[in-house]
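Reader: Hi! I am new to reading protein models, and I would like a close look at one part of this one. Could you walk me through it slowly?

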Amino acid sequence: MKGVVFTEFFELVETAFGEDVLDDMIDNADLDSDGVYTAVGKYDHNDMVKLVVALSAETDIPVPDLIETYGKHLFGRFVVMYPGFFEGVSSTYAFLARIDDHIHVEVKKLYPDAELPVFDAKIEGPKMTMIYDSKRPFGYLAKGLLNGCIEHFGESIEITRADISEDMTAATFELEAH
């Protein structure tokens with residue numbers, strides 16, 4: 001998992017909960033890396049799981065809620081860090097439909113070793129179906145990213161998630177514009 005995912009998570013935790021909670025989370029997560037990450041490094045995704053579990057213990061917020069909130073935050077950071085991905089795109093559906101064919105292709109150019117999830121999108125009128133498939137258990141992160149996308153484009157779209165796998169590595173998202 002790319003280090004930017006960790007560094008952005010730390011930024012969110014520090015902003016939302018403070019430096020003491022961030023430090024306690026890192027201390028209590030029993031990390032292989034000792035909590036040291038660089039934006040360009042590559043790290044085991046299990047460290048992120050440990051961090052979120054430790055944050056949940058510190059804040060009494062359920063893990064799925066924390067991961068989903070982080071996904072929404074991360075989408076906003078992607079808008080700032082990678083503005084080119086958003087050029088010429090004016091809607092949630094248009095953006096989501098090009099994740100695998102355009103955005104992930106560009107991400108692979110920047111980070112050839114990145115292991116990206118697959119997002120298979122199909123649009124039918126006011127509805128979109130997205131299938132998330134990953135080696136990592138971050139279906140709730142995907143939902144947060146979708147919510148961040150909807151917020152970014154200022155649209156009224158309802159999301160329903162159905163798990164395909166018990167370990168959150170695959171899920172179907174039904175989006176319906178209102």
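Here is the part I would like explained: how does helix α3 pack against helix α1 and helix α4, and what surrounds that region?

Author: Happy to help! This is a predicted model, in which local features need pLDDT of at least 70 and side-chain atom pairs count only at pLDDT 80 or more, while totals for chains, interfaces and linings use all residues. Residues are numbered from 1 along each chain as its sequence is written, and side-chain values use heavy atoms, with hydrogens and water left out.

Let us begin with α3 and α4. Helix α3 covers residues 45–59 and helix α4 covers residues 63–81; helices here are DSSP runs of H or I with at least four residues, strands are E runs of at least two, and both are numbered from the N terminus. The axes of α3 and α4 are 9 Å apart, at an angle of about 115°. Axes are lines fitted to C-alpha atoms, for helices over the stretch in contact, and angles run from 0 to 180 degrees between N-to-C directions. The two helices are therefore roughly perpendicular (under 35 degrees counts as roughly parallel, over 145 as roughly antiparallel, 65 to 115 as roughly perpendicular and the rest as oblique). On the α3 side, Val52, Val53, Leu55, Ser56 and Thr59 meet Val63, Leu66 and Ile67 of α4, where contact means heavy atoms within 4.5 Å. By class, this contact has six nonpolar, two polar and no charged residues (Ala, Val, Leu, Ile, Met, Phe, Trp, Tyr, Cys and Pro count as nonpolar, Asp, Glu, Lys and Arg as charged, and the others, Gly among them, as polar).

Now turn to α1, residues 3–17, which packs with α3 at an angle of about 10°, the axes being 11 Å apart. That makes α1 roughly parallel to α3. From α1 come Val5, Phe6, Phe9, Phe10, Val13 and Phe17, and from α3 come Asp47, Met48, Leu51, Val52, Leu55 and Thr59. Sorted by class, the α1 contact with α3 has ten nonpolar, one polar and one charged residues.

Finally, the surroundings. The domain assignment gives domain 1 as 3–61 and domain 2 as 68–177, with bounds that come from an automatic or database domain assignment. Their C-alpha centres lie 22 Å apart, and the contact takes nine residues from domain 1 and ten residues from domain 2.
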